[in-house]
Amino acid sequence: TYDEIILLNSTIMGPIYPLKETFDKMGKKDLDFWGLTEFFEFPADPSGCCIYKYIPDHIQSHFIACRKTLVSSEEFQKYWNEMPMINNYWEAVGKHEMIFTKYFGDLGYKWGLSVDMEDLRDYNGYPLMMCPTKLIAERRCPVFKRRSFFHEVKDYMSNTAGEQVSELYDYIREKTNYSEDFIWDTI
């Protein structure tokens, strides 16, 4: 009976901008499912349990909108009915997040993103973590990762100069109405 069902988890914070902007934009697109941001293909599987043995391009699972065309399908029901038990973070990523987009895309379901990120593909596979201010300020991404403020320093320094945390915090504090108290409460 619903037009869309949102699969949402608690790994993001926001919204920085009204979600109405995102829903209005995506409501004009002929899609079966869509999300906010993408994680780009990577030639290995750090989870150790992805059926594809690599990370395919995929909508990040913190926010996926599934339209009636997908939700009412037998394939969608089968996907959830056959979902293996998930016991930890890496299993959630490897057995669901990494495969959801490719699985349904390969079946012919159309998907898209509200935040245009394709030009960042060669910069980093994880733009929401490695350049969140760019996505928020230049592309109206309404969310950021909670983990931005307590992510592994080694990963940040392997991919950037480590500037994204202070840039994100300063941008939120100085350029938005989002209360930085929410960030402090989280960390």
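Here are a few exercises on this predicted model, each with a worked solution.

Some ground rules first: this is a predicted model, where local features need pLDDT of at least 70, side-chain atom pairs count only at pLDDT 80 or more, and totals for chains, interfaces and linings use all residues. Residues are numbered from 1 along each chain as its sequence is written, and side-chain values use heavy atoms, with hydrogens and water left out.

**Exercise 1: the whole chain**

Work out how the radius of gyration of the chain sits against that of a compact globule.

Solution.
- Start with the rule: 2.2 Å times the number of residues to the power 0.38, with the radius of gyration taken over C-alpha atoms.
- For 187 residues, a compact globule would come out near 16 Å; the chain has 17 Å, so the two agree.
- Next, the extent: along its principal axes the C-alpha trace spans about 45 × 35 × 30 Å.
- Then the make-up: there are 9 helices and 8 strands, where helices (H or I, at least four residues) and strands (E, at least two) are DSSP runs numbered from the N terminus.
- As for burial, 45% of the 187 residues count as buried (under 20% relative accessible area; exposed is over 50%, partly exposed in between, with a 1.4 Å probe and protein chains only).
- Last, contacts (heavy atoms within 4.5 Å): among those between residues at least 6 apart in sequence, 70% join residues at least 24 apart.

**Exercise 2: Gln60**

Place Gln60 in the fold and find out why it counts as buried or exposed.

Solution.
- Gln60 lies in the loop between β5 (58–59) and β6 (63–67).
- Its relative accessible area is 2%, so Gln60 is buried.
- Skip the neighbours within four places in sequence, and Gln60 is in contact with Thr37, Glu38, Phe39, Glu97, Tyr126 and Leu128.
- With Thr37, the side chains make a polar contact of 2.7 Å. A polar contact is a pair of N or O atoms within 3.5 Å; within protein, one must be able to donate a hydrogen and the other to accept it, and residues adjacent in sequence count only if both atoms are side-chain atoms.
- For a distance across the sequence, take Val93: Gln60 and Val93 are 33 residues apart in sequence, and their C-alpha atoms are 9.4 Å apart in space.

**Exercise 3: two serines in loops**

Find the polar partners of the side chains of Ser148 and Ser73.

Solution.
- Ser148 belongs to the loop between β8 (144–145) and α7 (153–159).
- Ser148 is buried because its relative accessibility is 1%.
- A polar atom of the Ser148 side chain lies 2.9 Å from the backbone oxygen of Lys145.
- Beyond four places in sequence, Ser148 is in contact with Met129, Tyr156, Val165 and Leu168.
- Now Ser73, in the loop between α2 (68–71) and α3: its relative accessible area is 7%, so Ser73 is buried too.
- A polar atom of the Ser73 side chain lies 3.1 Å from the backbone nitrogen of Phe76, and a polar contact of 3.4 Å joins the side chains of Ser73 and Tyr109.

**Exercise 4: the two pockets**

Describe the volume and lining of the largest pocket, then do likewise for the second largest.

Solution.
- Terms first: on a 1 Å grid over the protein atoms alone, a pocket is an open set of points where a 1.4 Å probe fits, with protein on both sides within 12 Å along at least five of seven lines; lining residues have an atom within 4 Å of a point. Grid points are joined across faces, edges and corners, and a volume is the space filled by probe spheres set on the points.
- The largest pocket holds about 900 Å³.
- Its lining has 32 residues, and the closest to its centre are Phe39, Tyr89, Trp90, Tyr126 and Arg147.
- α4 (89–106) and α7 each supply at least two lining residues, and α4 has the largest share, 7 residues.
- By class, that lining has 13 nonpolar, 11 polar and 8 charged residues (nonpolar: Ala, Val, Leu, Ile, Met, Phe, Trp, Tyr, Cys and Pro; charged: Asp, Glu, Lys and Arg; polar: the others, Gly among them).
- The second largest pocket has a volume of about 210 Å³, and its lining includes Cys49, Cys50, Lys78 and Tyr103.
- Here α4 again gives the most, with 4 residues.
- The class split is 8 nonpolar, 1 polar and 3 charged.
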